[in-house]
Amino acid sequence: MREEILLKKLREGEESALEQLVCLYYPDILRYCIWHAPDRHLAEDAAQETFLKAINYVGACGFSGKFKAFLYKIALNTCRDMQKSKWSKRIPLDGMSDEIHYQEEGFTDVEEALAIRSYTRKLDELSQEIVLLRFRQNLRLREISEVVGLPMRTVQSKLRVALRQIETELKGGR
């Protein structure tokens, strides 16, 4: 509800609404970009680019819909574009454990992020993305569906299969 009010104010030209939207979502979008970027500086660039694209689109096209899912979709596409052009190579998930640095949420969040990386490393890229969006970014299935551009039932099915794979790995491959 707050999001809708802020978007309306933004369309009406109220600059403080933009600042409030950024404050509301920036930490989550940055954390999401950190997951995809080889270092924090590139993640910050991707997060800033995400907001620039989102605000330009909202202003030009009169956006309607769920802004949070819209932001994650832009962040995903921005990270993919930056991987192709600016980032020389993506660091494999299993090689990242010592290179993740979170300042926002503390040690427990770092442990959780490392566990998710460890558990998902054998999943395909789409399944990794769905698990990340669901358990690290706390998006609902409908929002994930919007971000990855798949029907909600497909997202639900892929998540179920991914969780079974993770469970099998945790049990030692039995």
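Biologist: Is Y72 buried or exposed?

Modeller: Y72 is buried, at a relative accessible area of 1%. Keep in mind that this is a predicted model.

Biologist: Which ring does Y72 pair with, and how are the two arranged?

Modeller: Its partner is Y32, and the ring centres are 5.2 Å apart. The planes sit at 85 degrees, which is over 60, so the pair counts as edge-to-face. Y32 belongs to helix 2 and Y72 to helix 4, so this pair ties together parts that are 40 residues apart in sequence.

Biologist: And Y32, buried or exposed?

Modeller: Buried, because its relative accessibility is 0%.

Biologist: How many aromatic pairs turn up in the whole structure?

Modeller: The search finds 4. One of the rings to look at next is Y26, whose centre is 5.8 Å from that of F51. Their planes are at 35 degrees, so that pair is tilted. Y26 is in helix 2 (residues 15-36) and F51 is in helix 3 (residues 40-61), with their positions 25 residues apart in the chain.

Biologist: How accessible are Y26 and F51?

Modeller: Y26 comes out at 23% relative accessibility, so it counts as partly exposed. F51 is at 6%, so it counts as buried.

Biologist: Which residues form an aromatic cluster?

Modeller: Y25, F67 and F70 form one.

Biologist: Switching topic. What does the overall fold look like in terms of helices and strands?

Modeller: There are 8 helices and 0 strands, so to speak an α-α-α-α-α-α-α-α pattern along the sequence. Of the 174 residues, 40% count as buried. Looking at contacts with a separation of 6 or more, 61% come from residues 24 or more positions apart.

Biologist: Back to helix 4. At what angle does it pack with helix 7?

Modeller: About 40 degrees, with the axes 8 Å apart. Helix 4 covers residues 67-85 and helix 7 covers residues 141-148. The crossing is right-handed.

Biologist: Which residues make that contact?

Modeller: On the helix 4 side, K68, A69, Y72, K73 and L76. Helix 7 brings E143, E146 and V147. So our buried tyrosine Y72 is part of this contact too. By class, the contact has 4 nonpolar and 4 charged residues, and no polar ones.

Biologist: Which residues of helix 7 are buried?

Modeller: E143, I144, S145, V147 and V148. The cover over them includes helix 4, helix 6 and helix 8 (152-170).

Biologist: What comes after helix 7?

Modeller: G149 follows, and its phi is positive, near 75 degrees.

Biologist: You mentioned helix 6. Where does R134 sit relative to F135?

Modeller: R134 lies over the face of F135, at 5.6 Å from the ring centre. R134 itself is in helix 6 (residues 125-136).

Biologist: What else does R134 touch, neighbours within four places aside?

Modeller: L139, I144 and L159. I144 is one of the buried residues of helix 7. As for L159, its C-alpha atom is 8.7 Å from that of R134, and the two are 25 residues apart along the chain.

Biologist: And how does R134 count for accessibility?

Modeller: Partly exposed, because its relative accessibility is 29%.

Conventions: Residues are numbered from 1 along each chain as its sequence is written. This is a predicted model: local features need pLDDT of at least 70, side-chain atom pairs count only at pLDDT 80 or more; totals for chains, interfaces and linings use all residues. Side-chain values use heavy atoms; hydrogens and water are left out. Axes are lines fitted to C-alpha atoms, for helices over the stretch in contact, and angles run from 0 to 180 degrees between N-to-C directions. Helices (H or I, at least four residues) and strands (E, at least two) are DSSP runs, numbered from the N terminus. A crossing is left-handed if the near helix is turned anticlockwise from the far one by less than a right angle, and right-handed if clockwise. Contact means heavy atoms within 4.5 Å. Ala, Val, Leu, Ile, Met, Phe, Trp, Tyr, Cys and Pro count as nonpolar, Asp, Glu, Lys and Arg as charged, and the others, Gly among them, as polar. Rings of Phe, Tyr and Trp (its six-membered ring) pair if their centres lie within 6.5 Å; planes under 30 degrees apart count as stacked, over 60 as edge-to-face and the rest as tilted. Buried means under 20% relative accessible area, exposed over 50%, partly exposed in between (1.4 Å probe, protein chains only). A charge sits over a ring if NZ of Lys or CZ of Arg is within 6 Å of the ring centre and within 35 degrees of the ring normal.
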